[in-house]
Each structure stands twice: as C-alpha cells, then as structure tokens.
2 protein chains.
Amino acid sequence: MDNQTRKLLFEKAKEWILEAGNHIRDVIDEPLYIDTKSNPNDLVTQMDRNTEKYFAKKIKGEYPNHLILSEEGFGDEVDNLKGTIWIIDPIDGTMNFVHQKRNFAISIGIYQDGVGEIGLIYNVMEDVLYTAQKGQGAFKNNKQLLPLDKKLPLEESILVINSIWACENPVVNEKKIQELIKKVRGTRSIGSAALEFAYIAEGIVDGYLTMKLAPWDIAAGAILVNEVGGLTTNSNGETLDLLVNNTILSANKQIHNKISNQFVELK
Amino acid sequence: MDNQTRKLLFEKAKEWILEAGNHIRDVIDEPLYIDTKSNPNDLVTQMDRNTEKYFAKKIKGEYPNHLILSEEGFGDEVDNLKGTIWIIDPIDGTMNFVHQKRNFAISIGIYQDGVGEIGLIYNVMEDVLYTAQKGQGAFKNNKQLLPLDKKLPLEESILVINSIWACENPVVNEKKIQELIKKVRGTRSIGSAALEFAYIAEGIVDGYLTMKLAPWDIAAGAILVNEVGGLTTNSNGETLDLLVNNTILSANKQIHNKISNQFVELK
C-alpha cells in the first residue's frame, strides 16, 4: 500500500472509530442486553453487534471492494488474506464492558495482502486512541511512543498473563508457565487483549502471553507493537495466521525469545 | 468516635491526601530514585518516602497524640491499636508507579481503638478519590457507591488474584486456587491492593484473594468494602490483625463464605 492510500484510509478509520466510541460513551449507562455465546462467560451485547454493524455500513459504503473479518457476524466470509481486509473487534473486553463499563476497546487492524498497514485501538471510556501506520511509528493520542527498551531483563519485566494459564490446562505445560510467573518482576491481567497489546506498545507492561486469541483480538495490537520494535507471534515463535485462533506471545525481541524458548511448552 | 470528631478528621485527611496527590502528579515525569527493599522486586522510591514524611509532619503538627503506622519508617513504633492510629501507604502499587506512572494510590485508614473510622484511597493519576466514614457509606468522588449485589453467584463473579497464587507456593494449596480460578467468570490483577479494594467497593470486581498484605495495604480498603456491605477477613475467614501481615479475602458475604470454605486451604 502506498503512503498516500494508507494515510487516507487511516483518516477514515480514525474518524469512524472515534465516532463509534463517542456513541458508546453516550449510552454507557443505559440498560444492557446481554447474551452468551460459546459458553456462559463468553458475553456479547447489543452494543457489540450495533458497533460492528456501524463499521460494516461505513466500510462497505466507502470501500465496496474491501473485506471485513469481524467478531459478531456482520463481516464477510474471509478464507484468505488477499486484498484489503479490515479486522475488527467492535468491543474488545466485553466482560469488562458488562461488569466495569470501562477497560474495553474498539480494535481495528487493516491488512493489505496479509501485511499489517494500519492499527487503531480506542480505549473508549478513557478517550485514549492508540494508532499505528506501517513504518511510521506508534502513537498514543497523537504523541509518538518510544521504542521498547531492548535491554530490559526478563527478571525486571511485567508480564500480562491470565492466571488460568498457570492452572492445569490442555494447551500448555502449566509448570513451565508457573516458573515464568515466578521469574518475572510481576504479572498483571486487564481483560482486554487490545488494551494489553497497547500497554506493551506504551511500555507500561513488557510482555503478553496467552493461549487463545481470535484474529480480531490481535490484528491491531500486533501492528502497534511492531511499530515500537516489539514482536508478536504465536507462543512458539511462529508467524501468526490471521484466519484462525492463535496462541500469542508479544514482547520486545529479547524477552520474546527467552519466553518462547525457555518457558512455553505446548502440549 | 463521635460523628463530629470523625467529620473534622475526615476533612483534614481528605485535604492532605489531595494535596499529596497533586504534588505527585506535578513531578510524575521527573527522574525517579529507586531502591529495593526485602527483595529485588520490592521497590521503594524517594516519592514513597517524601509522601510519607509529608503526612507524618501534617499529622504530628495537628494531632500530636495520634499515632502513625506506615510503610517507610517515618511513623511510630505501634504495638497495639489503642488510641487514634493513621495507617498509611504513601504509594500503594510502587511497581506500577515505577513502571507505569499510573495505577497506584495513596491509602489512609484511620482507626480508633482498633475500629475503622475513616478510609481514603486516592487514585492519583486519575484524580479519583474513594472515601468512607464508618456507618455513612462509601463514595467515589463524592458520589455514593451502591451496596454490593448479594446474590451474585461465584460463577458470574470477577476475582482479583495474582497468578502467583495459582503456582506452587508455601502458603496455600494451589490446586484449590486453580479450581477457584476455573470456577469464576474471570480473573484480573491490577497491582495495587488499595485500588483492588476500591474496585470491589465500586462493584467492578467482585472479590480479592491474596496471601500476604501489610496493614497499610489493607487499612483503608477494608473500611471502604465494609461500607458497601462486603466483608474483609484473612483468607480463612478470621478477623484481621492490623499489627501484622495478613492473608486477605474481601468480597460480598456470600462469595466470601464460599471461597473461604471451599477453595482456601492454607498450608
């Protein structure tokens, strides 16, 4: 994608994400209609659906040739990454949205033939917009984020990890995860993957390890982290496949390497 | 303590905590002087010390008979809870303060002969002050917080727990903790005990379980949670001893009861 095309697309995406966020803030105190999806803790609200519909309408109106890969079913059937694809989570962190009415985000990643071009993560209630365009750095409310500290030792890092991965589970050797948890300076868990990626890009946490994320949880965050010199792969260090769920490891390259080689043992 | 005495004391404490927080915000971007205490991850900064000194000076100037129990050594040698005691953490969540420059709090609990009278928790960077006076409810920036939902089932609750307690450890049976983590709807970890208590009082998380907190981590939070109908004890359900470190369980009474009876097995 050339710089001019990317810039115009970025401006549109930014306008729409801010507008969608404004609307959510306006109605945040109205009653919620909550369903559950695959299991009782996989929540979805009318707000997830309406926000996704809003983006689908805007995108299809302005860019009829673009495709949409998104969480709630108003996008396209996408079975390859050819062309321009908007990968959208209308509300990332729905459990936080429902229980906390904060700590959730709108996440939009725009990919061209599989290459991440534009990432936007909007912390709606704090009105903080994280943005990145390929090769042009990452920003928090228009202020450029610094490159990640490449020399930070694992022992002094803060790792985002949900405590579930320290428990016996079918995906990863929990004993090695427990070793990792004891090795780092501290662990945190916020409950919105998009914000957790954004916080890595911002440098307030230093790594993110999790065993199952959908494409729309990852798409924007991976671009953002890349733009500050970090690396996002599956937890084995292999390239992501944005058409399916992935395990995820995101961090500066040194920490990434150490975690993936020494502490992740998939079952 | 009579209502009038409590009210005057509350107003003073509120004035001082806001002033201390304002100062921290003013200098948040200046370089930090960081030491470690008992272990490399137990951080302390000049800001912790200066803030505590500020409170000690104010309290001793205005209330020479009051005692101070605090983290950094500028308080008194307190070996019983007689009299009026200010229990202070000048910066709760020092790791967040150092790494994130947010998600930390000033915490002040005022006790009269062992009874919690006043609690203040100030989320400095968000300028959000949580307050409680005994028998008068809890407030967030002067807006009264609602009583906790007594009927919330454990399965639909969000539990604050650090992933370290799901790992093999000398304090608690981690297998039972892992069962608990799988039972609840989700877990979170923020990294400031004071804020984690405040978030329970606010109802955005539903329980907090941890195996080691100092008196200054607990003093204000326990009062706040109490004022919205929640319960804070050690993890076995026994009354707290504010002169020593405690294990901690804080939640609405139903969830508290279930966790302490079914999931906490101290070693």
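Q: Why is A:Lys60 called partly exposed?
A: In this predicted model, A:Lys60 has a relative accessible area of 31%. Buried means under 20% and exposed means over 50%, so at 31% A:Lys60 lands in between and counts as partly exposed.

Q: What makes A:Asp76 and A:Lys60 a salt bridge?
A: The N to O distance between their side chains is 2.9 Å. The cut-off is within 4 Å for a Lys or Arg nitrogen and an Asp or Glu carboxyl oxygen, so this pair qualifies. A:Asp76 is in the loop between strand 3 (67-70) and strand 4 of chain A, while A:Lys60 is in helix 2 (residues 46-62) of chain A, and the pair links distant parts of the chain, 16 residues apart.

Q: And why is A:Asp76 called partly exposed?
A: Its relative accessible area is 27%. Since partly exposed runs between the 20% and 50% limits, A:Asp76 gets that label too.

Q: How do you know that A:Glu15 and A:Lys12 form a salt bridge?
A: Their closest N and O atoms are 3.6 Å apart, and the limit is within 4 Å, so the pair counts.

Q: Why are A:Glu15 and A:Lys12 separated by about one helical turn?
A: They are 3 residues apart in helix 1 (residues 3-27) of chain A. An α-helix has 3.6 residues a turn, so residues three or four places apart point the same way. As for cover, A:Glu15 is partly exposed at 40% relative accessibility, and A:Lys12 is partly exposed at 23%.

Q: What makes B:Arg102 count as buried?
A: B:Arg102 comes out at 17% relative accessibility. Buried means under 20%, so B:Arg102 makes the cut.

Q: Which residue does B:Arg102 form a salt bridge with?
A: The partner is A:Glu202, with the closest N and O atoms 2.8 Å apart. This pair crosses between chains: B:Arg102 is in the loop between helix 3 and strand 5 of chain B, and A:Glu202 is in helix 5 of chain A. There is also a network of salt bridges linking A:Arg102, B:Lys140 and B:Glu202. Over all chains, the structure holds 20 salt bridges.

Q: Why is helix 5 (residues 193-202) of chain A called largely enclosed?
A: Because 10 of its 10 residues are buried, helix 5 of chain A is largely enclosed by the rest of the structure. Among those buried residues are A:Phe197, A:Tyr199 and A:Glu202. Right after helix 5 of chain A comes A:Gly203, with a positive phi near 85°.

Q: How do you know that both faces of strand 5 of chain A are covered?
A: On one side A:Ala105, A:Ser107, A:Gly109 and A:Tyr111 are buried, and on the other A:Ile106, A:Ile108, A:Ile110 and A:Gln112 are buried. In a regular strand the side chains alternate between the two faces of the sheet. The count for strand 5 of chain A is 8 of 8 residues buried.

Q: Which strand is joined to strand 5 of chain A by 7 bridges?
A: That's strand 4 (residues 84-92) of chain A, running antiparallel to strand 5; A:Trp86 stands opposite A:Ile110. Strand 5 of chain A also pairs with strand 6 (residues 115-123) of chain A, antiparallel over 8 bridges, with A:Ala105 opposite A:Asn123. The hairpin of strands 5 and 6 of chain A has 2 residues between the strands, and A:Asp113 takes a positive phi near 50° there.

Q: What makes strand 3 (67-70) and strand 9 (143-144) of chain B stand at the edges?
A: The sheet in chain B is open, with 7 strands in the order 3-4-5-6-7-8-9 and mixed pairing. Strands 3 and 9 of chain B each have a single partner strand, so one side of each is left without a neighbour in the sheet. Strand 3 of chain B pairs with strand 4 (residues 84-92) of chain B in the parallel sense over 4 bridges.

Q: Where do A:Lys175, A:Lys182, B:Lys175 and B:Lys182 gather?
A: They gather in a patch of positive charge on the surface. Helix 4 (174-183) of chain A and helix 4 (174-183) of chain B each give two or more residues to this patch.

Q: Why is B:Lys182 called partly exposed?
A: B:Lys182 has 46% relative accessibility, and exposed starts over 50%, so partly exposed is the label. A:Lys182, at 45%, is partly exposed as well.

Note on methods:
Residues numbered from 1 in each chain as written. Chains lettered and ligands numbered in written order. Predicted model: local features only at pLDDT ≥ 70, side-chain atom pairs only at ≥ 80, totals over all residues. Heavy atoms only, no water. Patch = residues over 30% accessible without salt bridge, like charges linked within 9 Å, V, L, I, M, F, W, Y side chains within 5 Å. Areas by Shrake-Rupley, 256 points an atom, 1.4 Å probe, with all protein chains shown as cover. Lys, Arg positive; Asp, Glu negative; His and termini not counted. Charge placed at Lys NZ, Arg CZ, Asp CG, Glu CD. Buried < 20%, exposed > 50% of the residue type's maximum accessible area, 1.4 Å probe, protein only. Pairing = 2+ DSSP bridges.
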